[in-house]
Amino acid sequence: MRPIVLGAALMAAAPLAAQQVVTSSGPVRVAVTIYRAPDRGVADAINPAWLGGYALISEEREVAIPAGDATIRFEGVAAGMLAETALVEGLGAGVSEKNLDAELLSPRNLYARAFGRPVTLRRTDAKGHIREEEAIIRSAPDGAAIVQTKAGFEIANCGGLKDAIAYDGLPEGLNARPTLSIATHAASAQKARVRLTYLAWGFDWQAHYVVKLAPGAQNAEMTAWVTLANGDTTGFAQAQAAVVGGKPKFEESREQPEEAQELVLHCRLSPVMQEMAAPPILSAPVPAPAVAMMADVVVTGNKRMAPPVVVKEEVLGDLRLYRVPMPTNVTAHSQKQVALMAARRVKLGLIHRADVDVGAEDGESQQARIRLRMANRKVDGLGLALPAGGMAVVQQVGAAALPVGEGAMEDKAVGETVNVEIGASPQVRLESRTRRINDRVEMITATARNANRWPVHFESQQLLPDGARVISASAKLGRQDGHPLWAVTIPAGGKVSLSYRLQLPR
């Protein structure tokens, strides 16, 4: 048998002649539906080194099932497959067993499996002369490579020699690609188009919105993008891709599958601590508004492309499914972006907010927080389910789009109000003072100042002690979350004040 050399192309070992083994090298069609990491906050970016989400993968494969007992091997499944979730349909034969063979062929695993077995040392001296000799591996793959030759025990890569290891065959159980195997029994040989469906760990996705404010900040142009991330060693070409918005419940999770590691050998016997390298993640491509995935969105296209495509949002129980309307590559160890919402005009408001915490330190001045507020209604330019994600707000100034702030929002259904805090305003401040009138009544005075050269909308919630109530006020107060709400417009360079009597509980 021709030796297998590290760094060269490696071929899978041939199955035993007496065993009927059928190998499906890949799907003819595949769909990848990605669920967000359940424990990642909406304001947290995707961590490419540790993707905690899931994907539901559905593959169609054509297999030839032999008569009698056989093993069908589905090569190229996701390395993070949860094998217990695998469902195979359309075999037309009894399925008696399934097993995920996920120990991948790699230099490190190949070395580890060769412990105690004969190998060939291919040695190159300083002058480039190559010689070969037989040896037996006598050490684990971490640290120094101890081998036994006819001359005795020695350490590879020492004494000015550069050693390579050639293996006389492939150890049983190693696979060049992640593989799911199932046992079947058929009365007669048959061809079948089967569907393999399973959950896999190590995926994630994130929505991100860009809001470009119009002059006056009463409306804006809003676009959205979705980033799909695949941390698996397996990629899926021309897949029907989709993402799921909402928070499905996952009872269990599995540790991220170990990446196939390189073999690093050292010319010393002391222990070597190796850091686990994060899997390489390709940078996301520059977004291009070629695909949209929201309800009633017209996709903008290249000037040379066919007319725009209109896509629809799909309902998935209490969740929402956003489907890419054309096949796309979900590449291994990569991220990619597609359009989530084409540019549309929306109505909004910028609210400056600072609350009065009655009982806190008196006379302290605080900055107002800026909130972007939108009604998720069709009449205001939206009226569609908005998946949770980050939001960047920019203001067009001349030819430049300058950042105003950044925040995040939770999933929003149609009809809900979107409130996104995008930063603080040092130009708008609030201070409050408390004056005791008697043992049960206090006078609260709140003053808000606006140093901007334009008026601002201001809100202040009065956070009262339990049992306290406002008995009179200098302005009409609303109600929010069980507390009085003061809403007012502060003129440019001006100030406004609120005074109210507060009756304390007995």
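Ala424 is partly exposed, with 48% relative accessible area, in a model that is predicted. The residue belongs to strand β28, which runs from residue 417 to residue 436. Beyond the neighbours within four places in sequence, Ala424 is in contact with Gln367, Ala368, Arg369 and Ile370. The C-alpha atom of Ala368 lies 5.9 Å from that of Ala424, although 56 residues separate the two in sequence.

A second pairing of this kind involves Lys336. This residue is part of strand β22, residues 334-347, and is partly exposed at 22% relative accessible area. The upper limit for a buried residue is set at under 20%, so Lys336, at 22%, counts as partly exposed. Between the C-alpha atoms of Lys336 and Thr227 there are 5.6 Å, while along the chain the two residues are 109 apart.

These pairs can be set against the figures for the protein as a whole. Among contacts with a separation of 6 or more, 75% join residues 24 or more positions apart. The secondary structure consists of one helix and 34 strands. Of the 506 residues in the protein, 44% are buried. The exposed surface amounts to about 26400 Å², and carbon and sulfur atoms supply 53% of that area.

Strand β28 also takes part in a pocket. Which strand gives the largest share of the lining of the second largest pocket? That strand is β28, with four residues. The lining consists of 25 residues in total, and Ala217, Leu350, His352, Gln395 and Trp454 are the ones nearest the centre of the pocket. At least two lining residues each come from β23 (349-353), β26 (389-397), β27 (400-409), β28 (417-436) and β30 (456-463). The space in this second largest pocket is about 630 Å³. Sorted by class, its lining holds 15 nonpolar and ten polar residues, and no charged ones.

Charged residues come into view with the salt bridges. Side chains of opposite charge can pair when their charged atoms come close. Over the whole structure, 18 salt bridges are found. One of them joins Arg193 to Glu60, with 3.0 Å between the closest N and O atoms. This pair links distant parts of the chain, since Arg193 sits in strand β14 (residues 190-213) and Glu60 in strand β4 (residues 53-65), 133 residues apart. The two partners fall into separate accessibility classes: Arg193 is partly exposed at 43% relative accessibility, whereas Glu60 is buried at 14%.

Another salt bridge is formed by Arg131 and Glu133, and here too the closest N and O atoms are 3.0 Å apart. Arg131 is partly exposed, with a relative accessible area of 45%. Glu133 is also partly exposed, at 21%. A residue counts as buried under 20%, so Glu133, at 21%, is classed as partly exposed.

Are the partners in the salt bridge between Arg353 and Asp355 buried or exposed? Arg353 is buried, at 2% relative accessibility, and Asp355 is buried as well, at 16%. Their side chains meet with 2.7 Å from N to O. The pair belongs to a network of salt bridges that links Arg353, Asp355, Arg369, Arg373, Glu421 and Glu459. Arg369 returns the reader to the starting point, being one of the residues in contact with Ala424. Arg353 lies within the span of β23 (349-353), Glu421 within that of β28 (417-436) and Glu459 within that of β30 (456-463), strands that each supply at least two residues to the lining of the second largest pocket.

Two residues remain to be noted for their backbone. Gln238 is not a glycine, yet has a positive phi of about 50°. This residue lies in strand β16, residues 236-245, and is exposed, with a relative accessible area of 51%. The class of exposed residues begins at over 50%, so Gln238, at 51%, falls within it. Asp481 likewise has a positive phi, of about 55°, without being a glycine. Asp481 is placed in the loop between β32 (478-480) and β33 (483-490). Its relative accessible area is 68%, which makes Asp481 exposed.

Conventions
Residues are numbered from 1 along each chain as its sequence is written. This is a predicted model: local features need pLDDT of at least 70, side-chain atom pairs count only at pLDDT 80 or more; totals for chains, interfaces and linings use all residues. Side-chain values use heavy atoms; hydrogens and water are left out. On a 1 Å grid over the protein atoms alone, a cavity is a set of points where a 1.4 Å probe fits but cannot get out, and a pocket is an open set with protein on both sides within 12 Å along at least five of seven lines; lining residues have an atom within 4 Å of a point. Grid points are joined across faces, edges and corners, and a volume is the space filled by probe spheres set on the points. Ala, Val, Leu, Ile, Met, Phe, Trp, Tyr, Cys and Pro count as nonpolar, Asp, Glu, Lys and Arg as charged, and the others, Gly among them, as polar. Buried means under 20% relative accessible area, exposed over 50%, partly exposed in between (1.4 Å probe, protein chains only). Contact means heavy atoms within 4.5 Å. Accessible areas come from the Shrake-Rupley method with a 1.4 Å probe; for residues, only the protein chains shown count as cover. A salt bridge is a side-chain nitrogen of Lys or Arg within 4 Å of a carboxyl oxygen of Asp or Glu.
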